[in-house]
Amino acid sequence: MEDYKPQNNPFSFNGRAGEFFGIWIVNVLLTILTLGIYSAWAKVRNKQYFYGNTELAGENFEYLAKPLQILIGRVIALVCVIAWVALPAVSEAASAILGLAFVALMPVLMVKNLRFDSRVTRYRNVRFDFAGSYGEAYKTFLVLPFVYMLSFILILVVVSYVFTLISSVLGGIISVVLFGLGITYVNAMIATQMSTYILNNYRWGKLQFSADIDSRAVFKIFLKVAAMGLGGFIGLMLILAVIAFVAFSTDLGQIAMMFANIGEGGLQDFAAKGLIFGVIGVIYLSFFLLGWFVTAYLQACIRNYQFGQTDLESKLYMDSNVKPMAFLGVMLSNMLLTVFSLGLAIPLAKVRMANFMADATAVMGEIDTVANQNQVSDSTTAISDEVADAFSIEVGVI
Amino acid sequence: MNFKGKVFVANGSLSRAARLHCSDEGWLELSDEQGATRARFDELDISAAIGNQPRAISFSNGDRFVADQPLELNAWLDKHGQSSLLKSFEKNFLVIAVAILVSAMVVYVSIEQGLPRLSQSLAKHIPDVVAVELEERTLEQLESVGFEPTEIDTETQQLIQGNFQQLVSSIDDLHPSPQLLFYKLSDQANAFALANGSIIVTDKLVELMQQPEQLNGILLHELAHVAHNDVMAGLVRSALVSTAVVLLVGDSSLLVDGLVSAAVLGLSMGYSREAEASADLFACQWSQKLGLSEQHLLSGYQHLFEYAKADIPSWISSHPGDEERLEQLIQCSASTE
């Protein structure tokens, strides 16, 4: 008997690339033949495939959205996009008002989006839900970020000014350091507020999720990632400087010859051209790699932390263990696969990512003994709600 | 037929062992220790048939049955009218092959044919103020990207301007009346059109020509871009490509970010080859119509090509290969004699 160690239920993904390829390509074909209308059905079928093949403690997830809900959403979203694109040509004032309206409505759309996505997800006969209020959403997504940013800017200005009175060099240094640390901290605070709001409002049936997100922990992650990004950037710049220095100081004549040869375009300068383009290419690529690495690292750390803090009424505990480098590897190899197959390997890439994510995720606790009751049913969705729901799902896509 | 499995009872998450009796007459009966429920197919909610996914059967009272041997239940459902045409398509190699072929063709045709046409026709509807504004901003920014005031002497400038005005006045069809502007861009020989019809010629290009008349062909080529509204069409095209790519890959993660920017760059670089070829044709035809020397036309192009001697292979660049273009020009001028 394992009394102290809770049962570990890893996620597993049972989809296969070959099988999904057929589904995907038929989706593409039907979408083309119906001039895009089928895309709503295609989305549902894709989701059903991925949810239905995601297994936790012997049971699969289900995706229950109706294609028509999605189609309505897509039509409305399309109208909005057209209005967005066409309005500036008609009237600048109208397009400005539309832009402001969009910002003002953003929290509502996000809430509806979260609610729709969770309500159409079912596990063990019980649907998920999102119970966040609009008021809290406005506070979290609009008011607090604005207040934080404003007070940060005020503090920054005052402190910089005071130190500049003492010494302009000191003032400069303090301002730069304060800005770097401050902006990271403010972003960590905002991110903490947002994930606290979202995670604590998820429901599974009558059970509530709760997550204790600490802004200091998020700040630490942000700082670490920022330091790595900055360090990598400075390192690459140094290498670039060294290459430039070596190249120009050792033999200026040779370099000049090389460039002259490129201009002439003779056969013999392929080597020289190759060298120059090679060096430029490698440096260019390393900046891209650095960007991807930083993003992958940040995503992995944040996910691991947030999952680790989340539980379901102290009965079930979420666990995520995404290894940043492995995540980056899957990301990059997926990208290469997609590019070199001219898109045909997209299904393979999606299945690989789903496999990777499932393998890195688990739930601790006795899932099959948790008594839960479904709270959401199809019939509660009113037509107006459906339109709004459908509209909001597409907001994430735009 | 009977299937063993479990039932999640009455919208709840707890399950217990159950048995599903499937009758060939089209009804199912779910029984467990607590009792039994019977329902016809049309009263049930059977989850979709996708790949080898286990299909669950939901009853109207909130019970949900999952078989221990899901594949056997799937097979039974398939046999009794609950299969899906879609699923058989998705497993059919012929359908898949046709789907790949058709999709590839549609993508190819819409990029090769649809995109240029759509952007041309959309560009026509863009109000003139946009073009004017764009051109003003481009001109303001030229200096910041290395353009310097011209160093060509006034006499040559006036000569070329004279030629240019003559060309412009004889070509109908030029909606905004184009201006010719000279700039120095270190050693680069180039000419290009802006959004509202102004044409910029670099000092080096003028230097390359032994006589100002040799420039006429290149000016005509740029005037063709103005007449065909290629600049706005190019802008519309890159906007379309980026929107389409974002919409297509919208729901995927950042792994496609790099791919997206590469695709957008590749498809929106410069004008299309067709636009270039038709501009060359335009230059040739008008130079014949106006009775300009065809020797000047050809040597103007030749001087530019020899100097630039593009290193970029033609499949990647927006201009067709130099030799190809010269050959077409020679053909064109020979054809009407």
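# Close-up views of a predicted two-chain model

**View 1. Glu62(A) and Arg122(A) meet through their side chains in a salt bridge, with 2.8 Å from N to O.** This contact joins distant parts of the chain, since Glu62(A) belongs to strand S3 of chain A and Arg122(A) to strand S4 (residues 121-123) of chain A, with the two positions 60 residues apart in the numbering. The model is a predicted one, and the salt bridge shown here is part of a count that comes to 18 over all chains. Glu62(A) also takes part in a salt bridge with Arg64(B), the side chains meeting at 3.1 Å from N to O. Side chains of opposite charge can pair when their charged atoms come close.

**View 2. Ten strands of chain A form a closed barrel with antiparallel pairing.** The strands follow one another in the order S1-S2-S3-S4-S5-S6-S7-S8-S9-S10 (chain A), and the twist from one strand to the next averages 30°. Within this barrel, S4(A) and strand S5 (residues 126-130) of chain A pair in the antiparallel sense over two bridges, and Arg122(A) stands opposite Arg127(A), a residue of S5(A). Helix H6 (residues 168-200) of chain A packs on the sheet, where it touches S5, strand S6 (202-204), strand S7 (207-211) and strand S8 (310-312) of chain A, and its direction makes about 160° with that of S7(A). Helix H2 of chain A lies across strand S1 (8-13), strand S2 (54-56), S3 and S4 of chain A, and runs at about 165° to S3(A).

**View 3. Chain A and chain B meet at an interface in which 46 residues of chain A are in contact with 40 residues of chain B.** The two chains bury about 3,700 Å² between them, and 62% of this area is on carbon and sulfur atoms. Arg45(A), Glu59(A) and Asn125(A) together supply 16% of the area that chain A buries against chain B, which is more than any other three residues supply. Across the interface the rule finds three salt bridges, and it also finds 15 residue pairs in polar contact, both residues being at pLDDT 80 or more. On the side of chain A that touches chain B, the elements giving two or more residues are helix H1 (17-33), helix H2 (39-52), strand S3 (59-63), helix H9 (270-308), helix H10 (324-340) and helix H11 (346-359) of chain A. H1(A) gives the most to this side, with ten residues. Sorted by class, the side of chain A that touches chain B has 22 nonpolar, 14 polar and ten charged residues.

**View 4. Strands S2, S3 and S4 of chain B are linked by antiparallel pairing, S2(B) with S3(B) and S3(B) with S4(B).** Strand S2 (residues 15-22) of chain B and strand S3 (residues 27-32) of chain B pair over four bridges, and His21(B) has Glu29(B) in S3(B) as its bridge partner. These two strands form a hairpin with four residues between them, and in the turn Gly26(B) has a positive phi of about 100°. S3(B) pairs in turn with strand S4 (residues 35-40) of chain B, over six bridges, with Ser31(B) standing opposite Ala36(B) in S4(B). The hairpin that joins S3(B) to S4(B) passes through two residues.

**View 5. An open sheet of four strands in chain B has the order S8-S9-S11-S10 and mixed pairing.** Strand S8 (148-149) and strand S10 (191-193) of chain B are the edge strands, each of them pairing on one side only. S8(B) and strand S9 (residues 180-184) of chain B pair in the antiparallel sense over two bridges, and the bridge partner of Glu148(B) in S9(B) is Lys184(B). Helix H5 (residues 154-170) of chain B packs on the sheet, touching S9 and strand S11 (199-202) of chain B, and its direction makes about 145° with that of S9(B). Helix H7 (residues 216-227) of chain B lies across S9, S10 and S11 of chain B and runs at about 20° to S10(B).

Technical notes
Residues numbered from 1 in each chain as written. Chains lettered and ligands numbered in written order. Predicted model: local features only at pLDDT ≥ 70, side-chain atom pairs only at ≥ 80, totals over all residues. Heavy atoms only, no water. Pairing = 2+ DSSP bridges. Contact = heavy atoms within 4.5 Å. Axes fitted to C-alpha atoms, helices over the stretch in contact; angles between N-to-C directions. Buried area = accessible area lost by both parts, 1.4 Å probe. Salt bridge = Lys/Arg side-chain N within 4 Å of Asp/Glu carboxyl O. Polar contact = N/O pair within 3.5 Å; in protein donor to acceptor, adjacent residues only side chain to side chain. Nonpolar A, V, L, I, M, F, W, Y, C, P; charged D, E, K, R; others polar.
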